[in-house]
Amino acid sequence: MMEQCRLLVICTLIFSSISFINGDTDPNDASALNGMFTSMNSPSQLTGWTSSGGDPCGQSWKGVSCSGSKVTKIKISSLGLTGSIGYSLQNLKSLTDFDVSNNNFGGTVPYNLPENVKRLNLASCNFNGPIPFSISTMKSLEELDLSHNQFNGQLGLDFSQLSSLSTMDLSGNALTGNLPTSMNSLTSLTSLNLENNQFTGTIDVLADLPLETLNVANNHFTGWVPQQLENIDLQKGGNSWSSGPAPPAPPGTPIHKKFAKKSSQSSGAGGISAGGIVGIILAVIVVLAILGFVIFKRRLRRPSRDIEKTEISKPFVVVASNDVQEPVFAELKTVHSSSSINTKSVDGVLILNIKPPPQDLRKSSAEDDFSNKPIVTKAPKPVSDNVKSFSIADLQMVTDSFSSENLIGEGSLGRVYRAHFDDGKVLAVKKLNTSVIGNRSEDFMEIVASISQLHHSNVTKLVGYCSEHGQHLLIYEFHKDGSLHDFLHLEDEYTKPLPWNTRVKIALGSARALEYLHENCSPSVVHQNFKSENILLDGELNPHLSDCGLARILPDSSQAINHNACAPEVADSGLYTLKSDVYSFGVVMLELLTGRKPFDSSRTRAEQSLVRWATPQLHDIDALTKMVDPSLEGLFPVKSLSRFADVIALCVQPEPEFRPPMSEVVESLVHLVQRANMSKRTVGNAGRESSDTTDSVN
């Protein structure tokens, strides 16, 4: 009997041990849920949850489901939860269902959401700010609900990888701008809700999608509703649609498959086939062409054998075409009697549409041959009225013939000189190397015109230019405190260390400059040379980004590549993108954090490359505090430091698609600055407190 009892006890221990092993949660998953619980202010509603340790899969954690040791579902909706949803969610690699809807979180959504989620529900949580770009990388996503929040700004997602997405609800937010063209990649989308936002433009990008239900009500959409969408469950009220029937497609335009299928189904007795519609359109075009030709013959009575020189007072575009347009001849002196020439003015450009006369068989075809390709002569982009043209003589006087005493810097494009004018004004003159622009004055003037259109408080202002005798110079506003590189890396008895709040302010201003170039300029401007040397500081230590708009004349980036200061894709292919600038911004943030250069050959081999040395330590708070610039003497808020490091980690990710757009970076830094302004004391890593009221973040 005793032997049987012992055997029973041993079996019980074995089975309980096996049960514990099978229920043991992956440490990464458990840690992510611990962090999530803490971020949500440790709510009592989440029974079983803990802020450290615990076994979500082996124990009964409310709303958590597992498969083996991996967390696969989190469903904690309608529990009155507050705080935020955590910053380590990317560690939940096996999570497929994530539902935190109908809670009271507020604030912005963390950047790194679980990448393999299939069903994501963040509805009715009071979230604000931009929709996180990381959703663009969730390739398995099938259902997305972000409705009834306060998301604002443009819909900055790239939908090209979300081909599995079948339902999406963005309704009840404050989203603005046009729908992104990448939405045409949503080849599985059957249900889309965009109502009660502030979207503008047309919905043409949705025409080819397999939609069954679509709600675009109460926005600012314009244009016509595509015919392909008229036979689905469509709600479109509260917009500014164009009245009347949509214009017919140009001849030869392929008919959309879905529309063609519906047309063939509806054709029959009393119906018109797609071929019949095309025939009617072609017949109308032929009648209009004949009518236009007759009108032209009546209005033009000047016989001539050849096309004489036409005098035109505007820049013009000559297009050889068979299209018929309304003829206007106010600015033509002579034309060929048997040619039809139509003109119109668009943005100050006169367009001539010439229909060649019937071919005379007695002449060779070469004589009257008109090219099918348009010949374009376009006026150059105008230079802003606020930008002045200087002469070489003027600039020699104000720079003392470009003396070495006035030399304030030298870069890959040329030297920069200080210029003192008679009225007391001081400007900076960038004298471009002749190898950079050569004698291409037209190219230089295009660059001047483009730069003159850039207007932002954190972008260095172009004041003037000079293009004479093969010399090309740019005149900028002058910032007496020099560059951020000088402040951080040059030892000078006159230069004081930058306080932590000032470093955050410089990062935010620089981020706003890049956000302006990337997201407010049309087309977007890729800087390609973003570095601390090009961030100039004024008397109040506000940053001003220089060399904007000069990417096209930059020499090859081999030097930057060798110094590990540029994005990996640039080193591999030499191609720059907006995300390459984001990486370079992350490098500058690392300089602000550590006080180190992007590459320093004087250090040990393991520490020469700043990015390689620093990035593994960004999420280790103990290691992070040891990385901070020693000149700060420990005077920094640890929480601010940690959030600053989180932004850096996102920006310097090796894969471009995982880096956030600059608008998200700005949003994160704004929150960091706001928190800094709420407190006038900072805590050093030694734990002591010290007042830091001398420098606040604006």
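## Backbone features in loops

In this predicted model, Pro523 is placed in the loop that connects helix H9 to strand S25 (535–537). The peptide bond between Ser522 and Pro523 is cis, with omega at about 0°.

Two residues other than glycine adopt a positive phi. For Ser78 the value is about 55°, and this residue belongs to the loop between strand S2 (70–75) and strand S3 (97–99). For Asp547 phi is about 65°; Asp547 sits in the loop that runs between strand S26 (543–545) and helix H10 (558–562).

## Helix packing around H15

Helix H9 spans residues 500–520, and its axis comes within 12 Å of the axis of H15. The two axes cross at roughly 25°. Because angles under 35 degrees count as roughly parallel, H9 is described as roughly parallel to H15. The handedness of the crossing between H9 and H15 is left-handed.

Helix H12, residues 578–594, also packs with H15, at an angle of about 150° and with the axes 8 Å apart. Angles over 145 degrees count as roughly antiparallel, so H12 is roughly antiparallel to H15. The crossing of H12 and H15 is left-handed.

## The second largest pocket

Helix H15 also contributes to the second largest pocket, where seven residues from H15 form the largest share of the lining. The pocket has a volume of about 1100 Å³. Its lining consists of 36 residues, and those nearest the centre are Tyr87, Pro110, Ser642, Arg643 and Asp646. The elements that supply two or more lining residues are helix H14 (621–627), helix H15 (638–651) and helix H16 (662–678).

In chemical character, the lining of the second largest pocket comprises 15 nonpolar, 14 polar and seven charged residues.

## The five-stranded parallel sheet

Five strands form an open sheet in the order S5-S7-S9-S11-S13, and their pairing is parallel. Strand S5 (128–129) and strand S13 (220–221) occupy the edges; each has a single partner strand, so one side of each has no neighbour in the sheet.

The pairings can be followed across the sheet from S5. Strand S5 is joined to strand S7 (residues 150–154) by two bridges, with the strands running parallel. Within this pairing, Gly129 has Phe151 of S7 as its bridge partner. Strand S7 in turn pairs with strand S9 (residues 174–178) through three bridges, again in the parallel sense. Asn152 is partnered by Ala174 in S9, and Gln154 stands opposite Thr176 in S9.

Three bridges also connect S9 with S11 in the parallel sense, and the bridge partner of Asn178 in S11 is Thr200. Strand S11 covers residues 198–201 and is joined to S13 by two bridges, with the two strands parallel. Thr200 stands opposite His220 in S13. Thr200 therefore features in both pairings of S11, with Asn178 as its counterpart in one and His220 in the other.

## The six-stranded mixed sheet

A further open sheet contains six strands, ordered S19-S23-S24-S22-S21-S20, and its pairing is mixed. Strand S19 (388–389) and strand S20 (407–410) are the edge strands, each of which pairs on one side only.

At the S20 edge, the pairing with strand S21 (residues 414–420) is antiparallel and extends over three bridges. In this pairing, Gly409 lies opposite Val416 of S21.

Definitions and conventions:
Residues numbered from 1 in each chain as written. Predicted model: local features only at pLDDT ≥ 70, side-chain atom pairs only at ≥ 80, totals over all residues. Heavy atoms only, no water. 1 Å grid on protein atoms, 1.4 Å probe; cavity = no way out; pocket = protein on both sides within 12 Å on 5 of 7 lines; lining within 4 Å. Points joined across faces, edges and corners; volume = space filled by probe spheres on them. Helix = DSSP H or I, 4+ residues; strand = E, 2+ residues; numbered from the N terminus. Nonpolar A, V, L, I, M, F, W, Y, C, P; charged D, E, K, R; others polar. Pairing = 2+ DSSP bridges. Axes fitted to C-alpha atoms, helices over the stretch in contact; angles between N-to-C directions. Parallel < 35°, antiparallel > 145°, perpendicular 65-115°, else oblique. Left-handed = near helix turned anticlockwise from the far one by under 90°.
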